[in-house]
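Please open the model in your viewer and keep a selection panel at hand. The tour moves from one sheet to the ligand and then to another sheet, with something to select at each stop.

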Amino acid sequence: MHVREGDIILLYRSLKRKFVVKVEKGRDIHTDLGVIRLSNVIGLPYGSRVKTHLGEEFILLKPSILDAVYIGFKRKTQVIYPKDAAYIILTASVSSGSRVVEAGTGSGCLTAILAYLVKPTGRVYSYEVREEFLEVAKENLNSVGLLDYVELKLKDIRKGIDEDQIDAVILDLPDPWNVVEHARKCLRSGGVLVAFLPTINQIERTSIVLRDLGFIDICVVELLLREYRVERDSTRPKTLMVGHTGYIVSARRP
Ligand SMILES: C[S@@+](CC[C@H](N)C(=O)[O-])C[C@H]1O[C@@H](n2cnc3c(N)ncnc32)[C@H](O)[C@@H]1O
């Protein structure tokens, strides 16, 4: 397969030096190892090596959804970490055709992952209270061709959820306990609510409201991800790790 104008590509040099860009004639990518002319990559097969004006090589690849979101997206808010997103989508059982309500949209990182999974027949209804974040999310989703599967809504989700017969409600906002009643009304039987929260106090409050409103299968987890450094005869965990992102509570509507 060959690179065409308008493609989103990954320019890979190393774990720490990767660029996700849209191929546009006349556009240059400035790296610390020199400039790459995107006009020169049009027509090259994926897997090719391209050189900067200083002769430094990058490999031309198709980006994964992880690359596209976590390297390519503009970030204007705190975003969900991949380890947490992975658990959330599995717990919420999101797949092609799912109808998912999400809040808040933020930079649209989780929205994009959800849209990637629900397409082509499903839909993500994403609520956000701040217009400036919705604009960024819109731009991000559009840049990877996922906007068609998302309805971006400028609305405080605590005021109600407009949709019904929803498969999953996913919340990344400070006070999900104020949304549980609305979620109960919009979820289909067996539908799942998942909330991501940074503090245990928020988790406790949300869990108690979930229990009081009749949700079942309430489960709280924290995921710790440890990266490894691989060296012959000395492979071991990296010295530094992200010690805390947040907790996740999930529950089902009977
Ligand atoms: C941490 S960010 C979400 C990040 C997003 N999950 C991502 O991965 O890009 C939280 C967002 O929730 C929005 N928010 C907070 N309360 C809200 C509410 N009641 N209804 C809708 N959005 C809300 C905030 O404006 C903020 O953009």
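Two strands are taken to pair if DSSP finds at least two bridges between them, and the strands themselves (E, at least two residues), like the helices (H or I, at least four residues), are DSSP runs numbered from the N terminus. What you have open is a predicted model, in which local features need pLDDT of at least 70 and side-chain atom pairs count only at pLDDT 80 or more, while totals for chains, interfaces and linings use all residues. Residues are numbered from 1 along each chain as its sequence is written, and side-chain values use heavy atoms, with hydrogens and water left out.

**First stop: the sheet of 7 strands**

Select the open sheet whose 7 strands follow the order E9-E8-E7-E10-E11-E15-E12, with mixed pairing. At its edges you will find strand E9 (150-154) and strand E12 (216-222), each of which pairs on one side only. From one strand to the next the twist averages 15°, where axes are lines fitted to C-alpha atoms (for helices, over the stretch in contact) and angles run from 0 to 180 degrees between N-to-C directions.

Now add helix H3 (residues 109-118), which packs on this sheet and touches strand E7 (99-103), strand E8 (123-128), E9 and strand E10 (166-171); contact here means heavy atoms within 4.5 Å. The direction of H3 makes about 165° with that of E8.

Move next to E12 and strand E15 (residues 247-252), which pair in the antiparallel sense over 5 bridges. Within this part of the sheet, Glu 222 stands opposite Tyr 247 in E15. Helix H6 (residues 200-212) also packs on the sheet, touching strand E11 (187-197), E12 and E15, and its direction makes about 5° with that of E15.

**Second stop: the ligand**

Which residues are the closest to the ligand? Of the 23 residues that surround it, the closest are Cys 109, Glu 128, Asp 156, Ile 157 and Asp 172, a residue being counted as near if one of its heavy atoms lies within 4 Å.

Then display the N and O atoms, since a polar contact is a pair of such atoms within 3.5 Å. A polar backbone atom of Gly 108 is 3.2 Å from an oxygen atom of the ligand, and a polar backbone atom of Leu 110 is 3.3 Å from an oxygen atom of the ligand. From the side chain of Arg 158, a polar atom lies 3.5 Å from a nitrogen atom of the ligand. On its own the ligand has 610 Å² of accessible area, of which the protein covers 89%; such areas come from the Shrake-Rupley method with a 1.4 Å probe.

**Third stop: the sheet of 4 strands**

Select the open sheet in which 4 strands follow the order E2-E1-E6-E5 with antiparallel pairing. E2 and strand E5 (49-51) stand at the edges with a single partner strand each, so one side of each is left without a neighbour in the sheet. Here the twist averages 30° from one strand to the next.

Begin with strand E1 (residues 8-14), which pairs with E2 in the antiparallel sense over 6 bridges. These two strands form a hairpin with 2 residues between them, and Ser 14 stands opposite Arg 17 in E2. E1 is also joined to E6 by 3 bridges, again running antiparallel, and Tyr 12 has Ile 59 in E6 as its bridge partner. Ile 59 in E6 also stands opposite Arg 49, and E5 and E6 pair in the antiparallel sense over 3 bridges.

Notes. A polar contact is a pair of N or O atoms within 3.5 Å; within protein, one must be able to donate a hydrogen and the other to accept it, and residues adjacent in sequence count only if both atoms are side-chain atoms.
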